[in-house]
Number of protein chains: 2
Amino acid sequence: MVWERLRDKRLHDKVVQAEEAASWIEDGMTLGLSGFTRAGDAKAVPIALAERVKREGTKLSVNVYTGASLGSEVDAIMAEAGIVRKRLPFQADPVMRKKINSGEIMFIDQHLSHTAEWVRSGVLGDIDFAIVEAIAVTEDGFIIPTTSVGNSNVFVEHAKQVIIELNMAQPMALEGLHDVYTPGLQGEREPIPLTAVDQRIGQIGIPIDPAKVKGIVITNQLDSPSTIVEPDEETAVIAQHLIQFLRHEVEKGHLPPNLAPLQSGIGSVANAVFNGFLQSEFSDLTVFSEVLQDAVFALIDAGKIAFASGCSITLTAETMKHVMENMHLYRDKLLLRSQEITNHPELIRRLGLIAINTALEVDIYGNVNSTNVLGTRMMNGIGGSGDFARNARLAIFVTKSIAKNGNISSVVPFVSHVDHTEHDVDIIVTEQGLADLRGLAPRERARLIIEKCAHPLYRDQLREYFEEALTRGGHTPHVLEKAFSWHTRYAQEGSMLIKELASSR
Amino acid sequence: MVWERLRDKRLHDKVVQAEEAASWIEDGMTLGLSGFTRAGDAKAVPIALAERVKREGTKLSVNVYTGASLGSEVDAIMAEAGIVRKRLPFQADPVMRKKINSGEIMFIDQHLSHTAEWVRSGVLGDIDFAIVEAIAVTEDGFIIPTTSVGNSNVFVEHAKQVIIELNMAQPMALEGLHDVYTPGLQGEREPIPLTAVDQRIGQIGIPIDPAKVKGIVITNQLDSPSTIVEPDEETAVIAQHLIQFLRHEVEKGHLPPNLAPLQSGIGSVANAVFNGFLQSEFSDLTVFSEVLQDAVFALIDAGKIAFASGCSITLTAETMKHVMENMHLYRDKLLLRSQEITNHPELIRRLGLIAINTALEVDIYGNVNSTNVLGTRMMNGIGGSGDFARNARLAIFVTKSIAKNGNISSVVPFVSHVDHTEHDVDIIVTEQGLADLRGLAPRERARLIIEKCAHPLYRDQLREYFEEALTRGGHTPHVLEKAFSWHTRYAQEGSMLIKELASSR
């Protein structure tokens, strides 16, 4: 069984236990791990490392770079063991989040397309070990990744040594789905030749010099299933607003009948929006995204999506089983690429994507906070949302208009952290409605966002802020001393709602 | 003389006076004007239009789209006449600025590479007239622009009708400097074939269907000279910090000995930084920028710059005279392209630029405000700074650490408007020092920015803010109720300095 997958004979004597591989890792090292949104993560060696440190009581801390968030509790276990010094570019784990917010772990929240450039140019320092999951290593030395490509190719290329986790639980049917293309150095590279979503431009796997492989660990564990929640009434309404808008854009000739390649961020709201296409008239759709979630496969099954290019497959347990057992239905409709390519500004702009991402909060001028709750507490990270929003044909942000039973308004006077500026946000959609901000000045945007997107509970309060701001004047009127009063009120009183205003109604 | 320049015979009967051309423009129309940072602007027709409206007392307002800011008081005269409804994507005129800040003119502050995509896809509506300055129209119908290309090619292509201002004052020596390349529609276009700064990829001018030319107006007026101020002691020190940093990057192997293509924003600080290269050891430099200012020509004269690609030539009167009279010295070292190309994310990322732009203010976490004074009053606009910063190899922001005799600190707890987020800012330089933020988490960034970049007058005050913020915790610690207190203090007391703190020292 193992030899069917470990087909490069030069590697046969490198098989070791996870514990042995973990013993190679020393204090102060930098690790580049495979893994993107719970898919294809290195599972055994990082956990063995955490266990070793706990067992031996050694002081050891390492920098951990990945594609995006890890599954299999890898981030939680590493964080708990206290072995992570620096972490980038994205995470989504509650234990790690806590340590990031306490200042114990230094987290660098980075555009997901940028990490590869930093690794390549050496500004982040050396990578001591790349630890990447694979379904196979071919006769001629290509690592075939599992359910994600992420940054694995650039980690393998630039690491001093490589550890491969050969995962027997992942089906061989994944072989042939990957398209690995690595641009050369900046200033020396050619244009990326991709002009269509379904175009293959690279190699079937990650080329590896066997001399760099320090060890191969055999594993047997599927990815953690996605924790996506089913669409609810509000997310379904958001999808309806968005689809209605896209319909109008097609009618006006701004978009072709099959729209443009679609991107959707990770999470339940974005997944629900994609689900909305199931009942729509749109067909022959294409996807050029990072994570491919359940809805993408539902749309392929329904004949709505003709092709999907992504960086990872992150599915619920049920969908994962269905997809893996029926890969023959999908293999000519799917490609998995590195995140540098899926999120590359060159390709996003060229293809003219429709980018749909989730906001934590938006403000009346269209700035978006995607990361820091109340301006200070990191949720997950910006992920690829900035790569896409900046360069897309249509940069769309979706959010429910309120949270915490109405105690938080997702539309505020001034977002408490800015991840996407007014210059990068075209459309905002909540269950209340859709604001098309294109071609509007800030004062025009404010009225539209308040009337179309804010929850009725908060509309008067927003109008009052804006009217007071207008008395101060300016291109972007504000009452700076009250700009964050909604956030401080929530912190102190548990609600953004002004009680007197609310009770006088 | 005119016929030597108006070489397309099909256009000979279209010559009209500016007043006649202005009479064609009706209330509610949209105009696409040539002009980028005072260079190559349409001068006669918009001014004739303003004069007509003033003379006749008609109610007329139009949308005015340009490349960037206009010279020759065109923006001032149009604003004064009250004929501008909507203005995009950049301006730099005091009269217009005032009307933008009073809410009379709707200003859309846009990334300079984005306007062309919006015009091409039609989301901004029709352009009724493109009004573009030219030195000539060739026999086979190419408009040869003057000192800028800007958005002229896309305006000419998409406008219903075109008016050409044939400027006899601009030397014919400019012919052959332009390289006009227009990408196709998003989703249908090929890779932009440019892989080197000096590569010609397009045509010598803007192709024009003579049937679309409604009129040709003969003009005879040079561009407004640039208002750049000479480097002072502080900008010279900023340049020294930056050059020292680049030297170290070369030593570490992060950059080749001749660096990478350089971009610099418009303005005195950025020009001064470029001037700093004159005394440096660097040579064989290249420039891939939008505006080419005096310092670029000084560096060419000194044999430091091998090639400069830009979108406009904006010079002081003296340098302009020297350059125009000695174009033979420069013509094989210069290309002028459209702003969609000079600022294109695809090319900025591929070439791996070093991008140097000016900040109005920065905050302790590395967010940058480039546009709105005290968060509300528009200065000029974001310009191309976002196009470059996001996609560059090195995103550098420069600013003096204080302004208004020390009453304003350029380093604040929370910038009052965010144009460039923490994700997009690599390096901050003031006359105090340089902070290299790459690979640092927010808490690490804050300490470095305060110690390296803030003025000594404000360091304690910043340290106190940050220490208090740390007691609140979070990935990006803040004291939200005090985040803008520096700005409100300045508005109320005329200084950001806390008096008690300052006097107790």
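1. Contact here means heavy atoms within 4.5 Å. On that basis, 100% of the interface residues of chain B are also interface residues in chain A, so the copies meet through the same surface.

2. This is a predicted model, in which local features need pLDDT of at least 70 and side-chain atom pairs count only at pLDDT 80 or more, while totals for chains, interfaces and linings use all residues. Residues are numbered from 1 along each chain as its sequence is written, chains are lettered from A and ligands numbered from 1 in the order in which they are written, and side-chain values use heavy atoms, with hydrogens and water left out.

3. On confidence: the model scores ipTM 0.97 and pTM 0.97. Chain A averages a pLDDT (the predictor's confidence in each residue, from 0 to 100) of 96, and 99% of the residues score at least 70. Where pLDDT is low, the predicted coordinates should not be read in detail.

4. On symmetry: chain B is superposed on chain A by a rotation of 180° with 0.0 Å of shift along its axis, at an RMSD of 0.0 Å. The two copies are thus related as by a two-fold rotation axis. The C-alpha of B:E346 is the one in chain B nearest the axis, 2.1 Å from it. The fit is by least squares on the C-alpha atoms of residues with pLDDT of at least 70 in both copies.

5. On the annotated domains: an unreviewed UniProt entry places "Acetyl-CoA hydrolase/transferase N-terminal" at residues 9-172 of chain A, and "Acetyl-CoA hydrolase/transferase C-terminal" is listed at residues 321-465, also from an unreviewed entry. UniProt positions follow the numbering used here, feature names are shortened, and annotations may be inferred rather than shown by experiment. Residues 9-172 are 29% helix and 24% strand, with the end C-alpha atoms 18 Å apart. Residues 321-465 are 34% helix and 26% strand, with the end C-alpha atoms 51 Å apart. Helices (H or I, at least four residues) and strands (E, at least two) are DSSP runs, numbered from the N terminus.

6. On A:Q263: this residue lies in strand β13, residues 262-264 of chain A. A:Q263 is buried, at a relative accessible area of 0% (buried is under 20%, exposed over 50%, partly exposed in between; 1.4 Å probe, protein chains only). Leaving aside residues up to four places away in sequence, A:Q263 touches nine residues listed as A:F274, A:F288, A:S289, A:L353, A:I354, A:A355, A:I356, A:N357 and A:F388.

7. On cysteines: A:C311 is buried, with a relative accessible area of 0%, and A:C453 counts as buried at 0%.
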